[in-house]
Each structure stands twice: as C-alpha cells, then as structure tokens.
Amino acid sequence: MGYFLRWIFAFLLLALTFNPTDYNYVRWSMMNYASETPITVLMGLLLVIGYIIYLRATLRSIGGFGMFLILAVVAALLWVLYDWGILTLENRALNTWLGVLALSLVLGIGLSWSLVRRQLTGQADIDDVDE
C-alpha cells in the first residue's frame with residue numbers, strides 16, 4: 001500500500017502543477033498572479049518543495065539512467081498499445097494525462113526503489129536506519 005500511496009502523491013503533485021483541465025497551478029497562477037501574488041508564490045514554493053523531495057529521492061535511488069529506463073519502458077508500453085490499436089494519440093488531453101502518468105511512475109518508483117531493493121535482496125542502503 002505504501003508504494004501505491006507514493007505513486008498517488010507523485011501523480012497528484014504533477015497533476016496539481018499541470019494538467020489539461022483548467023484546475024492546475026500553471027493556469028491558475030497565470031490568471032491570478034496580479035491579484036493573488038502572495039498565495040501564488042506560497043503555492044509555487046510548496047510545489048517546488050514537493051518536487052525537490054521526489055527528485056532528490058529518485059536521483060539517489062535509481063539515478064538518471066534508471067529514470068530514463070522507466071520512461072523507456074512506459075514509452076514502449078504506449079507504443080505497443082498504439083500499435084495494437086488500443087490507444088490513439090490524436091486526443092491532446094489524453095496525451096497530456098499519459099505524460100503526467102509516465103512522469104508520476106518515474107517519481108513513484110524512484111521514491112520506493114530503496115524499499116523494493118531491500119525486500120528483493122535483503123540488503124539495506126547506507127542511509128537506512130534500524131527500524
């Protein structure tokens with residue numbers, strides 16, 4: 001369940017920042033920056049903190065090459081779905097959601113990878129504390 005929650009929070013972080021609907025930080029801040037500058041800056045800083053937490057943990061656990069591999073696997077899966085006719089890429093909103101999903105998978109796996117590695121191999125990372 002913990003892995004799923006990590007992925008959900010990554011998905012929410014990305015979706016709150018940008019998505020194809022009008023309910024995201026980027027569009028809201030562009031429309032309200034002049035009248036709501038303090039809250040716009042506060043929300044932007046909170047999102048940046050979330051990204052720092054996720055990106056730092058992801059880079060430490062799987063690195064840039066691991067991030068590339070996860071994106072490559074997701075891209076190959078989308079390619080298979082497109083080739084089989086299950087997925088069409090003509091809907092821009094769907095494409096944006098697929099991008100948010102792909103990036104959230106990278107961040108969610110990156111945040112959970114140390115736990116997965118410890119369960120698979122029994123080896124703890126140096127940063128792990130006795131529980």
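**Entry 1: handedness**

A crossing is left-handed if the near helix is turned anticlockwise from the far one by less than a right angle, and right-handed if clockwise. I needed that wording for α1 and α3. I noted that α1 passes α3 in a left-handed crossing. I keep in mind that the model is predicted.

**Entry 2: the whole chain**

I began with the fold. How many helices and strands does the protein have? I found five helices and zero strands. Along the sequence I read the pattern α-α-α-α-α. I then took the extent along the principal axes, where the C-alpha atoms fill a box of roughly 55 × 45 × 25 Å. Next came burial. The protein has 131 residues, and buried ones make up 25% of them. I also looked at the contacts with a separation of 6 or more. Of these, 62% join residues 24 or more positions apart.

**Entry 3: α1 against α3**

I returned to this pair for the geometry. Helix α1 covers residues 2–17. Its axis lies 11 Å from that of α3, and the packing angle is about 140°. What orientation does that give α1 and α3? An angle over 145 degrees would count as roughly antiparallel. The value here is about 140°. I therefore logged α1 and α3 as oblique to each other.

Then I listed the residues of the contact. From α1 come Arg-6, Phe-9, Ala-10, Leu-13, Leu-14, Leu-16 and Thr-17. From α3 come Leu-47, Gly-50, Tyr-51 and Tyr-54. By class I have eight nonpolar, two polar and one charged in the contact of α1 with α3.

**Entry 4: α2 against α3**

I moved on to helix α2, residues 25–32, and helix α3, residues 37–61. They pack at an angle of about 160°. Their axes are 10 Å apart. The cut-off for roughly antiparallel is over 145 degrees, so α2 is roughly antiparallel to α3. The crossing of α2 and α3 is left-handed.

Which residues of α2 and α3 meet? On the α2 side I have Tyr-25, Trp-28, Ser-29 and Asn-32. On the α3 side I have Thr-37, Ile-39, Thr-40, Met-43, Gly-44 and Leu-47. The contact of α2 with α3 has five nonpolar and five polar residues, and no charged ones. Leu-47 is named in this contact, and it is also named in the contact of α1 with α3.

**Entry 5: two residues of α3 facing α2**

I picked Thr-40, in helix α3. Is Thr-40 buried or exposed? Its relative accessibility is 2%, so I put Thr-40 down as buried. Its side chain has a polar atom 2.7 Å from the backbone oxygen of Glu-36. Setting aside neighbours within four places in sequence, I found Thr-40 in contact with Tyr-25, Trp-28, Ser-29, Asn-32 and Tyr-33.

Gly-44 is also in helix α3. It has 13% relative accessibility and therefore counts as buried. I checked Gly-44 against Asn-19, 25 residues away along the chain. Their C-alpha atoms are separated by 16 Å.

**Entry 6: α3 against α5**

I turned to α5 next. The axes of α3 and α5 come within 8 Å and cross at roughly 50°. Why oblique? Parallel would need an angle under 35 degrees, and perpendicular begins at 65. That makes α3 oblique to α5. I recorded the passage of α3 over α5 as a left-handed crossing.

The α3 residues in the contact are Ile-53, Tyr-54, Leu-55, Ala-57, Thr-58 and Ser-61. The α5 residues are Val-106, Leu-107, Gly-110, Leu-111, Trp-113, Ser-114 and Arg-117. I sorted the contact of α3 with α5 into eight nonpolar, four polar and one charged. Tyr-54 belongs to this list and to that of α1 with α3.

**Entry 7: Leu-55 and Ile-109**

I chose Leu-55 from the α3 side; it is found in helix α3. At 36% relative accessibility, Leu-55 counts as partly exposed. Not counting residues up to four places away in sequence, it touches Met-67 and Leu-107. I also took the distance to Leu-111, 56 residues away in sequence. The two are 8.3 Å apart, C-alpha to C-alpha.

Last, I looked up Ile-109 in helix α5, residues 92–121. Ile-109 has a relative accessible area of 33%, so I logged it as partly exposed. Its C-alpha atom is 16 Å from that of Leu-77, with their positions 32 residues apart along the chain.

Conventions:
Residues numbered from 1 in each chain as written. Predicted model: local features only at pLDDT ≥ 70, side-chain atom pairs only at ≥ 80, totals over all residues. Heavy atoms only, no water. Axes fitted to C-alpha atoms, helices over the stretch in contact; angles between N-to-C directions. Helix = DSSP H or I, 4+ residues; strand = E, 2+ residues; numbered from the N terminus. Parallel < 35°, antiparallel > 145°, perpendicular 65-115°, else oblique. Contact = heavy atoms within 4.5 Å. Nonpolar A, V, L, I, M, F, W, Y, C, P; charged D, E, K, R; others polar. Buried < 20%, exposed > 50% of the residue type's maximum accessible area, 1.4 Å probe, protein only. Polar contact = N/O pair within 3.5 Å; in protein donor to acceptor, adjacent residues only side chain to side chain.
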